[in-house]
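Work through the exercises below with the coordinates open. Try each task before reading its solution.

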Amino acid sequence: MSDFAGMEDLLQDFLQEANDLLSDVDNKLVDLEKSPDDRGLLNDIFRGFHTIKGGAGFLNATELVTVCHRTETLFDKLRNGELSLSPELMDMIMAATKTVRDMFGELSSGVQPSPAEADLLENLKAAAEGNLEALAPPPVAAQAAQAVLPADKPGDPNWEALHASVSGEAKSGEVIPAATVIHSAENESGGGQEPPKSAPKPVVAPKSGGGGRRVESATRENTIRVDTARLDQVLNLSGEIGLTKNRLTSLRADILGGKNDSETLHALDQAVSQLDLLVSDLQNSVMKTRMQPIGRLFQKYPRIARDLARQLGKDVELVLAGEETEVDKNMIEDLSDPLIHLIRNAVDHGVESPDERAANGKPAKSLVRLEARQEGDHIVLIVADDGHGMNAERIRAKAVEKGLITEEEANTLDDRQSFNLILLPGFSTKTEISDVSGRGVGMDVVKTNIQKLNGSIDIRSEPGKGSVFLISLPLTLAILPVLLVLLGDQPFALPLSLVREILPIERDKVQEVGGKSTLVVRGEILPVISLVRLLGWTQERYPEYGVLMQTAERSFILGVDSFAGRDDAVIKSLEDFRPRGVAGVTTLSNGQIVLILDMKELLSDAFQQLDIGRGGSRVPSLDVA
Amino acid sequence: MADPKMRILVVDDFSTMRRIVRNLLKELGFTNVDEAEDGAIALQKLQAETFEFVVTDWNMPNMDGLTLLQTIRATPALQHLPVLMVTAEAKKENIIAAAQAGASGYIVKPFTSATLSEKLNKIFEKMAAK
């Protein structure tokens with residue numbers, strides 16, 4: 001199955017390291033466009049391809065070696081000043097980088113990369129020979145210098161003879177001129193000595209998803225790099241916990257043996273408190289081993305933004321901030337697509353063309369800012385552009401036209417609520433779907449992906465000044481702060497992130513509107529849904545308390561009997577047996593098992609029923625706090 | 001035959017590559033191996049500790065393999081230290097430059113443990129002959 005039997009470890013290491021290298025190369029390429037003569041940059045990029053080539057050789061990934069080799073040769077010329085960078089060359093280099101990345105994708109699914117496009121290889125070679133810019137063919141000497149020994153004959157040059165001839169160690173009879181030694185190998189490579197190609201084929205712009213190449217994303221990285229200091233801390237804590245356990249075992253023996261003086265009980269109290277502290281420290285430390293700086297994700301984006309801007313004839317710079325912010329590894333992977341989409345969206349729809357910007361007195365270069373920061377127990381991600389902003393009126397009109405909301409509903413929405421309409425499935429204001437962001441993926445998918453991570457998204461926009469997309473995410477997916485509510489004496493856990501407030505339900509204030517219970521909270525009419533009914537139980541008494549909850553789609557009041565407090569739940573998933581509406585289970589301190597409710601699932605059933613009364617149109621609640 | 005306990009320094013900026021070289025050396029029975037990420041770090045290690053053999057990459061940040069080699073040859077305490085250049089550079093001028101700088105051997109990536117063994121033995125033979 002795998003082309004790499006017995007080398008999986010090596011392959012994983014290589015991919016991780018080589019991916020980092022390539023991202024670094026990508027960023028340096030973006031910098032290089034700004035300062036094309038920077039020798040340091042050229043050298044670094046050269047070394048990047050060179051190093052990847054070296055590693056690929058050991059994996060027998062010959063196709064990868066070929067692309068890297070040709071690109072490296074080109075950079076060798078660039079850094080030596082034999083060639084200078086042109087936009088055509090830059091496009092070609094970008095295409096080569098993309099090919100290398102695609103090949104990493106193939107490698108990560110365990111197959112040897114398929115050959116790069118022949119045109120690209122031809123062009124790289126022609127460019128390195130200086131033919132791309134219709135320069136006169138380089139003098140023969142320079143061509144000879146380019147000769148390369150065949151890669152499949154390791155160490156082919158007769159090193160001993162060469163070494164001897166150079167260092168003068170050889171006995172008189174066997175002196176072999178260095179040039180001869182090399183020459184024998186040169187013939188096979190043929191590299192520099194072919195007649196120059198008449199005209200290079202035009203550079204093919206990288207097609208997205210073109211070719212039969214299997215592209216990355218198919219497989220997830222299943223290894224992680226952890227700072228050894230963090231692992232040491234975990235080790236330390238588990239050692240301490242072991243010691244505390246020993247202490248408890250001995251105390252138990254004492255107590256079971258009838259010893260219950262105040263000293264023993266005090267010692268027990270101390271040991272338990274200590275264990276408490278240690279376990280929560282351990283949980284934190286283990287969680288931290290999963291945390292990775294988000295910069296590893298960010299570093300792919302300047303290149304994506306640049307390619308797209310170039311394609312659209314715009315001048316856009318992606319500014320990164322907060323790359324050191326740490327995010328759960330799984331989350332990083334799941335954030336990749338939504339962020340790419342938001343960045344594409346900003347470049348494509350957000351910012352104006354240079355002409356339009358000039359007409360409005362803005363600098364020609366647009367800035368798109370991608371920022372991450374931690375706020376309390378949340379991670380905030382921001383994608384902001386300095387473009388033309390959004391027109392709330394147009395968005396409302398479009399939503400009505402598309403049948404997403406009714407005219408009356410549109411009239412009740414303020415500007416901020418209107419912006420959130422673009423997150424609805426089936427919404428797209430650009431009449432013509434552009435080649436770029438029209439990949440069949442809408443903003444609704446961004447929202448769905450963010451919600452899967454228990455996060456939320458908010459949009460702000462100011463006409464003429466730009467738009468801001470704000471994503472808020474919990475720090476980790478492993479521990480979920482929950483509110484424990486009671487139905488009778490049966491507890492249920494609700495994700496605390498959805499809870500806005502808790503209020504008593506006074507029966508005489510509940511109004512029946514169209515057969516549904518509603519309650520007015522500070523002027524806002526909210527439906528009251530009884531949890532008992534949501535679960536399909538029979539309602540025996542009227543709920544006494546309401547939990548005002550807010551999901552991305554709607555706000556409502558959940559009727560419950562009482563509360564049992566809040567808790568940090570460690571979620572255990574119910575893998576084989578998962579009833580609808582249950583996200584998982586957790587265990588309370590008294591050993592009781594509690595179901596954690598998946599409000600979205602429960603609600604989707606409930607609201608479908610509710611919505612029938614309103615002519616079937618789904619009504620999004622757009623008030624975002 | 002060389003002492004399998006001989007202390008070897010592997011210099012490469014790509015950790016995967018250090019691991020590969022290390023594994024190949026292990027296959028040949030050499031287990032006393034330390035690593036350095038570039039020429040500058042290697043030089044510090046060479047000056048602070050005792051090594052009997054250096055296997056170095058050519059292209060590295062801070063200090064490349066050739067400069068490392070030249071510095072070794074110019075340092076009285078290190079000048080006789082055998083240095084094997086491991087690199088993907090298979091160009092004539094590179095090979096000549098390595099030879100002129102006093103490399104004990106030159107090996108082109110990728111290579112097998114057999115090739116490495118052959119190169120090492122040649123170097124040991126030459127050293128023994130001196």
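A residue is buried if 20 or more other C-beta atoms lie within 10 Å of its own, exposed if 12 or fewer, and partly exposed in between. Keep in mind that this is a predicted model.

**Exercise 1. Backbone outliers in chain A**

Task: Find where Arg522(A) and Asn60(A) lie, and classify each as buried, partly exposed or exposed.

Solution.
Step 1. Start from the usual case. Most residues other than glycine have a negative phi.
Step 2. Check Arg522(A). Its phi is positive, about 45°, although the residue is not a glycine.
Step 3. Place Arg522(A). The loop between strand S12 (516-521) and strand S13 (524-530) of chain A holds it.
Step 4. Count neighbours. Arg522(A) has 5 other C-beta atoms within 10 Å, so it is exposed.
Step 5. Repeat for Asn60(A). Its phi is near 60°, again positive in a residue other than glycine. Asn60(A) sits in the loop between helix H2 (39-58) and helix H3 (62-79) of chain A. With 14 other C-beta atoms within 10 Å, Asn60(A) is partly exposed.

**Exercise 2. Two helices of chain A**

Task: Compare the end-to-end reach of H2(A) with the expected span. Then do so for helix H12 (residues 301-312) of chain A.

Solution.
Step 1. Take H2(A). It has 20 residues and reaches 29 Å from its first C-alpha to its last. The expected figure at 1.5 Å a residue is 28 Å, which is close.
Step 2. Look at burial. In H2(A), 16 of the 20 residues are buried, so the rest of the structure largely encloses this helix.
Step 3. Step past the end. Just after H2(A) comes the positive phi of Asn60(A), about 60°.
Step 4. Take H12(A). Its 12 residues should span 16 Å at 1.5 Å a residue, and its end C-alpha atoms are 16 Å apart, in agreement.
Step 5. List the buried residues of H12(A). Among them are Tyr301(A), Arg303(A), Asp307(A) and Leu308(A).
Step 6. Ask what covers those buried residues. The cover includes helix H1 (8-34), helix H4 (87-108) and helix H13 (329-350) of chain A. Strand S2 (316-321) and strand S4 (366-375) of chain A are also included.
Step 7. Step past the end again. Just after H12(A), Gly313(A) takes a positive phi of about 70°.

**Exercise 3. A mixed sheet in chain A**

Task: Give the strand order of the open sheet with mixed pairing in chain A. Then trace how S18(A) pairs with S9(A) and S17(A).

Solution.
Step 1. Write the order. The 5 strands run S16-S8-S9-S18-S17 (chain A).
Step 2. Mark the edges. Strand S16 (562-570) and strand S17 (582-587) of chain A each pair on one side only. From one strand to the next, the twist averages 35°.
Step 3. Recall the two options. Strands of a sheet pair through backbone hydrogen bonds, either parallel or antiparallel.
Step 4. Pair S9 with S18. Strand S9 (residues 490-495) and strand S18 (residues 593-597) of chain A run parallel and are joined by 2 bridges. Phe492(A) stands opposite Leu595(A) in S18(A).
Step 5. Pair S17 with S18. S17(A) and S18(A) are antiparallel, over 5 bridges. Here Gly584(A) stands opposite Ile596(A) of S18(A).
Step 6. Inspect the turn. The hairpin of S17(A) and S18(A) has 5 residues between the strands, and Gly591(A) takes a positive phi near 90° there.

**Exercise 4. The fold of chain B**

Task: Derive the layout of chain B from its pattern along the sequence and its strand order. Then locate the cis peptide bond at Pro110(B).

Solution.
Step 1. Count elements. Chain B has 5 helices and 5 strands. Along the sequence they follow β-α-β-α-β-α-β-α-β-α.
Step 2. Order the strands. An open sheet of 5 strands reads S2-S1-S3-S4-S5 (chain B), with parallel pairing. Its edges are strand S2 (33-36) and S5 of chain B. The twist averages 20° from one strand to the next.
Step 3. Check one pair. Strand S1 (residues 8-11) and strand S3 (residues 53-57) of chain B are parallel over 4 bridges. Val10(B) has Val55(B) as its bridge partner in S3(B).
Step 4. Add a helix. Helix H3 (residues 65-74) of chain B lies across S1, S3 and strand S4 (83-87) of chain B, at about 175° to S4(B).
Step 5. Assess burial. Of the 130 residues in chain B, 46% are buried.
Step 6. Find the cis bond. It joins Lys109(B) and Pro110(B), with omega about -5°. Pro110(B) lies in the loop between strand S5 (105-108) and helix H5 (113-129) of chain B.

How values were computed:
Residues numbered from 1 in each chain as written. Chains lettered and ligands numbered in written order. Predicted model: local features only at pLDDT ≥ 70, side-chain atom pairs only at ≥ 80, totals over all residues. Expected span 1.5 Å × (residues − 1). Pairing = 2+ DSSP bridges. Axes fitted to C-alpha atoms, helices over the stretch in contact; angles between N-to-C directions. Contact = placed C-beta atoms within 7 Å.
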